[in-house]
Amino acid sequence: MTPRFAFTPPPPARRHREDTTALPISSEWHGEMVDDSGERHTFTLLRDDSAAATSRHPFSLIDHTGTVSSVRLLEASNRAFVALVLPRSRNPETSDEIIVLEGVRLGDQIAGRFVSRSHGWRNVIRSGEFSAVLAGTTVRAA
């Protein structure tokens, strides 16, 4: 006698689920960091899709001086993220600088807080808020 198998079909999806590989900061973002003293600096956050599969640092941050830094995504959900901008030398007055970004995505915008510290994590260089918009979009006043 030939054995018979009965397979239970998978249950229907309860709701449409977004692709989890689409991280909250995927794509290209143009933004501004405003430190607690009111000093403003622009930045661009890029995702390199070609490096995403092979690199632990598929993001780059380009600051207002043109300095490029690797960005490591420490934690991410559908909306929130924590990212670490790896050490870089900003200028001769400061040693290597590490920036931690904590933010959320709301539609075509991301916003949150940042802290910039020296490489030894002891001295805070600056801290404040940042915001950015998805490249190719414009922000309209309410």
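These questions and answers walk through a predicted model, from its core to its charged side chains.

Visitor: Which residues have the most contacts inside the largest nonpolar core?
Guide: The largest nonpolar core has 17 residues. Strands S1, S2, S3, S5, S6, S7 and S8 each supply at least two residues of this core. Those with the most contacts inside it are Met33, Phe43, Leu61, Val71, Leu101 and Phe130.

Visitor: What does leucine 61 touch, not counting residues up to four places away in sequence?
Guide: Leucine 61 is listed among the core residues with the most contacts. Its partners include Thr44, Leu45, Thr67, Val68, Ser69 and Val85. Three further partners are also on that core list. They are Met33, Phe43 and Val71.

Visitor: How many aromatic pairs does the structure hold?
Guide: Phenylalanine 43 and phenylalanine 130 make one pair. Phenylalanine 81 and phenylalanine 130 make another. The count for the structure is two.

Visitor: Is the pair of phenylalanine 43 and phenylalanine 130 stacked, tilted or edge-to-face?
Guide: A pair of aromatic rings is described by the distance of the centres and the angle of the planes. Here the centres are 6.4 Å apart and the planes stand at 70°. Planes over 60 degrees apart count as edge-to-face. So the pair of phenylalanine 43 and phenylalanine 130 is edge-to-face.

Visitor: How many residues apart in sequence are the parts that this pair ties together?
Guide: Phenylalanine 43 lies in strand S2. Phenylalanine 130 lies in strand S8. The pair therefore ties together parts whose separation in sequence is 87 residues.

Visitor: Is phenylalanine 130 buried or exposed?
Guide: Buried means under 20% relative accessible area. Phenylalanine 130 has a relative accessible area of 3%, so the residue is buried.

Visitor: What kind of pair do phenylalanine 81 and phenylalanine 130 form?
Guide: Their ring centres are 6.5 Å apart. Their planes meet at 55°, so the pair is tilted. Phenylalanine 81 sits in strand S5 and phenylalanine 130 in strand S8, 49 residues apart. The kind of pair is tilted.

Visitor: Which residues form one aromatic cluster?
Guide: Phenylalanine 43 is buried, at 5% relative accessible area. Phenylalanine 81 is buried too, at 3%. Phenylalanine 130 pairs with phenylalanine 43 and with phenylalanine 81. The cluster is Phe43, Phe81 and Phe130.

Visitor: How many salt bridges does a search of the whole structure find?
Guide: Side chains of opposite charge can pair when their charged atoms come close. Arginine 40 and glutamate 32 are one example here. Aspartate 36 and arginine 113 are another. The search finds four.

Visitor: What is the distance, N to O, in the salt bridge of arginine 40 and glutamate 32?
Guide: Arginine 40 is found in strand S2. Apart from residues up to four places away in sequence, arginine 40 touches Glu32, Met33 and Val34. With glutamate 32, the side chains meet in a salt bridge, and the N to O distance is 2.8 Å.

Visitor: Is arginine 40 buried, partly exposed or exposed?
Guide: The cut-off for exposed is over 50% relative accessible area. Arginine 40 has 54%. Its partner glutamate 32 has 28%, so glutamate 32 counts as partly exposed. Arginine 40 counts as exposed.

Visitor: How far apart are the C-alpha atoms of arginine 40 and glycine 128?
Guide: Along the chain, the two residues are 88 residues apart. In space, their C-alpha atoms are separated by 9.8 Å.

Visitor: Which residues are joined into one network by salt bridges that share partners?
Guide: Aspartate 36, in the loop between S1 and S2, meets arginine 113 of strand S7 at 3.8 Å, N to O. Arginine 113 also forms a salt bridge with glutamate 129, the closest N and O atoms being 3.9 Å apart. Glutamate 129 belongs to strand S8. The network joins Asp36, Arg113 and Glu129.

Visitor: Which side chain of opposite charge is nearest to aspartate 35?
Guide: Aspartate 35, in strand S1, is buried yet has no salt bridge. Its side chain reaches the backbone nitrogen of glutamate 39 at 2.9 Å. A salt bridge needs the atoms within 4 Å. At 4.8 Å, the nearest side chain of opposite charge is arginine 126.

Technical notes: Residues are numbered from 1 along each chain as its sequence is written. This is a predicted model: local features need pLDDT of at least 70, side-chain atom pairs count only at pLDDT 80 or more; totals for chains, interfaces and linings use all residues. Side-chain values use heavy atoms; hydrogens and water are left out. A nonpolar core is a set of buried Ala, Val, Leu, Ile, Met, Phe, Trp, Tyr and Cys residues joined through side-chain atoms within 4.5 Å. Buried means under 20% relative accessible area, exposed over 50%, partly exposed in between (1.4 Å probe, protein chains only). Helices (H or I, at least four residues) and strands (E, at least two) are DSSP runs, numbered from the N terminus. Contact means heavy atoms within 4.5 Å. Rings of Phe, Tyr and Trp (its six-membered ring) pair if their centres lie within 6.5 Å; planes under 30 degrees apart count as stacked, over 60 as edge-to-face and the rest as tilted. Lys and Arg count as positive and Asp and Glu as negative; His and the chain ends are not counted. A polar contact is a pair of N or O atoms within 3.5 Å; within protein, one must be able to donate a hydrogen and the other to accept it, and residues adjacent in sequence count only if both atoms are side-chain atoms.
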